[in-house]
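Colleague: I'd like to learn how to read a few features in a structure like this one. Could you walk me through them?

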Amino acid sequence: MKYKDDKDKPSSKPDKGPRVLSTTILVVLLCGSSFYLGRIFCSEKNKYEANDIQEFSKSIPSPREVAVTPLQVKAISFPECSMDYQDYTPCTDPRRWKKYGYHRLTFLERHCPPLFERKECLVPPPDGYKPPIRWPKSRDECWYRNVPYDWINKQKSNQNWLRKEGEKFFFPGGGTMFPHGVGAYADLMQDLIPGMKDGTVRTAIDTGCGVASWGGDLLDRGILTVSLAPRDNHEAQVQFALERGIPAILGIISTQRLPFPSNSFDMAHCSRCLIPWIEFGGVYLLEIHRILRPGGFWVLSGPPVNYENRWRGWNTTVEEQKSDYEKLQELLTSMCFKMYAKKDDIAVWQKSSDNSCYNKLSDPDVYPPQCDDSIEPDVAWYTPLRPCVVVPGPKLKKSGLEYVKKWPERLHVAPERLPDVHGGNAGAFKHDDSKWKVRVKHYKKLLPALGTDKIRNVIDMNTVYGGFAAAVIDDPLWVMNVVSSYAPNTLPVVFDRGLIGTYHDWCEAFSTYPRTYDLLHLDGLFTAESHRCDMKYVLLEMDRILRPNGYAIIRESNYFADAIATTAKGMRWGCRKEDTEYGVENENILVCQKKLWYSSNSSSD
């Protein structure tokens, strides 16, 4: 059959209309049923998962539950160290000196033992040790058996440093540069620096302090001095100072900064301290410049001062001493020091607070140059000395000695550097001051010895603004305020208040001899630092530096309190747990006392 035209031809593709419609309806039905079934299945599945998660979460304690679950440690009894460790200073140990260089006496700097060499024993007292003589009598005498060093007695007796009579050392107040007594020496200095009389000068540092007679004399003049000397085999200068009840710390100006912030001390002193000030580009003088407050004083007695009359006793020539004095004067001038006064054996220079002098240091041809912005002026924990001048910050317009309030008014005035601390302001400072007055009042109820002559040398192991020290300022004691090298830098505020302190990391040994403090105070130290080191080593260090019969006030969270008490019992301490002044539930106060004991190898009873 033929078709007449194309339109009469049958289509080559079948008609899809009905089939597409039926397929679409089928897909819709399938999707709808699967969606319905899926909802049923997923809702049940989610219900099961939610129940599983809920059950699992119940097995995990919340942070709050962890915080109130006390840390438990096994009871341990620490052994005694041998008797040759009775004066053990772990980070300045003469046994380790040969491992380090003699250049610039670097072996006398801090070199702490690695973890595997740390001692886990109790440092014994010397044979015949007695409880120290109480202040103020201790300033003039101490028990020989507590610091049994015959060498210093034989070598320095002709200079009236000290003399041994029977069972005691006596301190006549003499010194290499003050043969007529430290009192007459300080009187002359006070005549040269009138600010020593009216509360302008409050904080001082004595480098190469001897037995700290100068620092001891200034206490009666309202001046608080940090006496500084290195560890040595024979003289034990710092140990004598602390045995007398005078603030002191082990240290040396060598290759690292001293552990103090910039612009802190009102006065620095060197009495024939044998520091080579003009060597190594004057880098030691630059460190004195850094830690001195603008307008502060540097006092030097001894070579090359008064070389015209003194050179014969210095094993040198007058020409050499004259040259040294001229070099010294030139270096000091280049650092913006000005000669302030000079008489007899004492010369006084003053650090400039005038920016016009420091502006000249930006000249690239000038030495020493101005430190650049990359060198933080207050970083001073294992920080190398730099041959440059730390220029006082331009915003510190009222931190110079002439602007700071006089003592004792400055103690309770919010310092200019307070805003440099995160959250620091006058309101927070005032609140901290008030808080510590309440706390110390409570402490004295818990420990009646606080505020009496039973407690003289005190260390606040993790202060903020020095509030504890300010609250006990009228008591017959002094406080070394420690700011952790890992904490916010509040130490400048402490110094601006007219208090003293140092940077330190409590995962290491403190720069002092054993048995040098009567009271240790801690406020949340273990909460703040336990993630960095074993609590056991911190407690063993506390035992090393605490005197027998001395006390510790440990303010801590409930989480640590029981573990601390357990460990302290193994150190032969007795501790009791007390409530805080407001009875805070998650915080306790441990009041502990270290027992007096003698080595099993000792002849003492």
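Colleague: Let me start with one residue: is Asp 87 buried or exposed?

Modeller: First, a word on the source: this is a predicted model, where local features need pLDDT of at least 70, side-chain atom pairs count only at pLDDT 80 or more, and totals for chains, interfaces and linings use all residues. Residues are numbered from 1 along each chain as its sequence is written, and side-chain values use heavy atoms, with hydrogens and water left out. Buried means under 20% relative accessible area, exposed over 50%, and partly exposed in between (1.4 Å probe, protein chains only). Asp 87 has a relative accessible area of 11%, so Asp 87 is buried.

Colleague: Thanks! Which residue forms a salt bridge with Asp 87?

Modeller: A salt bridge is a side-chain nitrogen of Lys or Arg within 4 Å of a carboxyl oxygen of Asp or Glu. Here the partner is Arg 515, with the closest N and O atoms 3.0 Å apart. The two sit 428 residues apart and link distant parts of the chain: Arg 515 is in the loop between strand S13 (501-504) and strand S14 (517-523), and Asp 87 is in the loop between helix H2 (63-67) and strand S1 (141-143). Helices (H or I, at least four residues) and strands (E, at least two) are DSSP runs, numbered from the N terminus. Arg 515 is buried too, because its relative accessibility is 4%.

Colleague: How many salt bridges does the structure hold?

Modeller: There are 35. One of them joins Asp 93 to Arg 95, again with 3.0 Å between the closest N and O atoms. Asp 93 is buried at 6%, whereas Arg 95 is partly exposed at 38%. Another pairs Glu 578 with Arg 576 at 2.7 Å, N to O; Glu 578 is partly exposed at 23%, and so is Arg 576 at 37%.

Colleague: Which residues are linked in a network of salt bridges?

Modeller: Asp 266, Arg 293, Arg 410, Arg 417 and Asp 496 are joined that way.

Colleague: Back to the loop between S13 and S14: what does Ala 509 touch?

Modeller: Contact means heavy atoms within 4.5 Å. Leaving out residues up to four places away in sequence, Ala 509 touches Pro 90, Cys 91, Arg 110, His 504, Glu 541 and Arg 544. Ala 509 lies in that S13–S14 loop and counts as buried, at 9% relative accessibility. Its C-alpha atom is 9.4 Å from that of Leu 540, which is 31 residues away along the chain.
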